[in-house]
Amino acid sequence: MAGDLIAALVALLGERHVIVDPAELAALAQDGRGATGRPLCAVRPGDTGQVARLVTLCRAHGAAVVPRGAGTGLSGGGCADESGRQIVLLTDRLNAAPKIDRLNRTAEVGAGVRLSTLNAAAMAHGLFLPIDLGADPAIGGMIATNTGGARLLRHGDMRRHVLAVEAVCGDGTVVQLGRGLWKDNSALDLKQLFIGAGGATGIVTGATVALDVAPQHQVTAMLALADPRATPALLADAERRFGTLLTAFEGMSPRAMQAAFDHVPGLRPPFPGLPDAYAVMVELSGNALCDSDMLEEALALWCEPRMTGPDAQVLDAVVDGGGRHWAIRHAIPEGIRARGQVIACDIAVRRGAIMEDRALLIDQVARRWPGLQIHDFGHIGDGGLHFNMVWPTAAGPMPAGLADAVRTFVFDMVVNRLGGSFSAEHGVGPRNIRHYERLTPAAVRQLSARVTSQFLPAPAAAAIPLSQTRNQG
């Protein structure tokens, strides 16, 4: 049966676009967190028509299709399972040059186009897709996971930028939803069912996305805080003071920052004398009417009164216009991975309570598992927290079952006690599906199943699983 399917895929796509070599398949069994799987084969369709035909073909053979973009995901969504019966569908050939409409401020783009490629084309017109990530994902995966990133505070997530979607449903039907218009209320906005759906409603093959005007000037300030609990009040004050000039507000624990410094020798600590201080990075962006000098002065004036007096919230502040602070922030994930085995929790809570919730989680985890080292950082401006715990390399192999026990405990705390989310921006995927089944109300899961069944009718309802490539945030 497997041989017949592979032969049919070769007839459809050509031998060079059906991957069966074990070494190549092994490379495709990894994502940004090292997930493993065992795909039957991988296929590289060249256009939407081929995607539709191969989905129909795989469905007829009872084979599941797992879409995969850049492979930078963190939830295992772009990897096959261990059954050896799933087909990995690579979107890298759906990569025609983006079509930039400068006046409409949009881009028509294939699912396999990388974010860096789109932004290189858009920047030639003074535009960009303002989703800031520590990786270079494909646009299809960004749509399927509703990517957020570090500048969601100002620019929003992918849902805010997707104007139209081209997709293939589970029965091979091709749908074009939306027309690249900024405003269109002429019908149900069905494209929303494909954004953040993780591939459960179909495979995104292309889209029209709204672009933003690229800022001409960006300046950051790194603040060392006397007490992390001052962070929410500082955020609210910064929003009142700077309005739309405020484009990012990131938090970094001292241990997370030290991991970045240890991993990238060229990075320098902004506060050499305060190695244990929690840091907040504030970014302002402007244009010709608000240049770098003005932004730097505004940040300095804002920081100054918060650094003096008996109730000073800020111990030190460093303003930078050269990107050095972002280099620290983006080096943290790799730095953490270099320290040992990571137990990663991508959580979201109410942003006003984020530091109290963080302190509670740190206390509870430290009490139960003192051998774990907590390296947290996150998008404080939107309530997102990457609560990462490391079993250090020096401690030897991680005890069996520890990672699952820790993640279950943290997710239960976040959802049931703190009213938060166990999946802020990385998607559900195979790694989180058990927690989805435990922590998502039954009525919500049943309604979701009824919706997705319309895109993948019986009897082959398992032909496309909940699995589109996940982004690295």
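In this predicted model, four strands form an open sheet in the order β1-β2-β4-β3, and their pairing is mixed. The edges are held by β1 (18-19) and β3 (65-68); each has a single partner strand, so one side of each is left without a neighbour in the sheet. Within this sheet, strand β2 (residues 41-43) and strand β4 (residues 87-90) run parallel and are joined by three bridges. One residue pair can be named here: V43 has L89 of β4 as its bridge partner.

A further open sheet consists of five strands in the order β5-β6-β10-β8-β9, with antiparallel pairing. Its edge strands are β5 (99-101) and β9 (174-177), each of which has a single partner strand, so one side of each lacks a neighbour in the sheet. From one strand to the next, the twist averages 10°. Six bridges connect strand β8 (residues 162-168) with strand β10 (residues 203-210) in the antiparallel sense. E166 is paired with G206, its bridge partner in β10. Helix α3 (residues 48-60) packs on this sheet, where it touches β8, β9 and β10. The direction of α3 makes about 45° with that of β8.

The two strand pairs described above are set out below.

| Strand pair | Sense | Bridges | Named bridge partners |
|---|---|---|---|
| β2 (residues 41-43) and β4 (residues 87-90) | parallel | three bridges | V43 and L89 |
| β8 (residues 162-168) and β10 (residues 203-210) | antiparallel | six bridges | E166 and G206 |

Helix α11 (residues 324-337) comprises 14 residues. The distance from its first C-alpha to its last is 21 Å, close to the 20 Å expected at 1.5 Å a residue. The helix nevertheless bends by about 40° at A331, and a proline, P333, follows within four residues. Both A331 and P333 are buried, and the other buried residues of α11 are H325, W326, I328, R329, I332, G335 and I336.

Helix α9 (residues 254-263) packs against α11 at an angle of about 85°, with the two axes 7 Å apart. Angles of 65 to 115 degrees count as roughly perpendicular, and α9 and α11 are therefore roughly perpendicular to each other. On the α9 side, the contact is made by A256, M257, A259, A260, F261 and H263. On the α11 side, I328, A331, I332, E334, G335 and I336 take part. A331 thus appears both as the site of the bend in α11 and among the residues in contact with α9.

Methods: Residues are numbered from 1 along each chain as its sequence is written. This is a predicted model: local features need pLDDT of at least 70, side-chain atom pairs count only at pLDDT 80 or more; totals for chains, interfaces and linings use all residues. Side-chain values use heavy atoms; hydrogens and water are left out. Two strands pair if DSSP finds at least two bridges between them. Helices (H or I, at least four residues) and strands (E, at least two) are DSSP runs, numbered from the N terminus. Axes are lines fitted to C-alpha atoms, for helices over the stretch in contact, and angles run from 0 to 180 degrees between N-to-C directions. Contact means heavy atoms within 4.5 Å. The expected span of a helix is 1.5 Å times one less than its number of residues. The bend at a residue is the angle between axes fitted to the seven residues ending there and the seven starting there. Buried means under 20% relative accessible area, exposed over 50%, partly exposed in between (1.4 Å probe, protein chains only). Angles under 35 degrees count as roughly parallel, over 145 as roughly antiparallel, 65 to 115 as roughly perpendicular and the rest as oblique.
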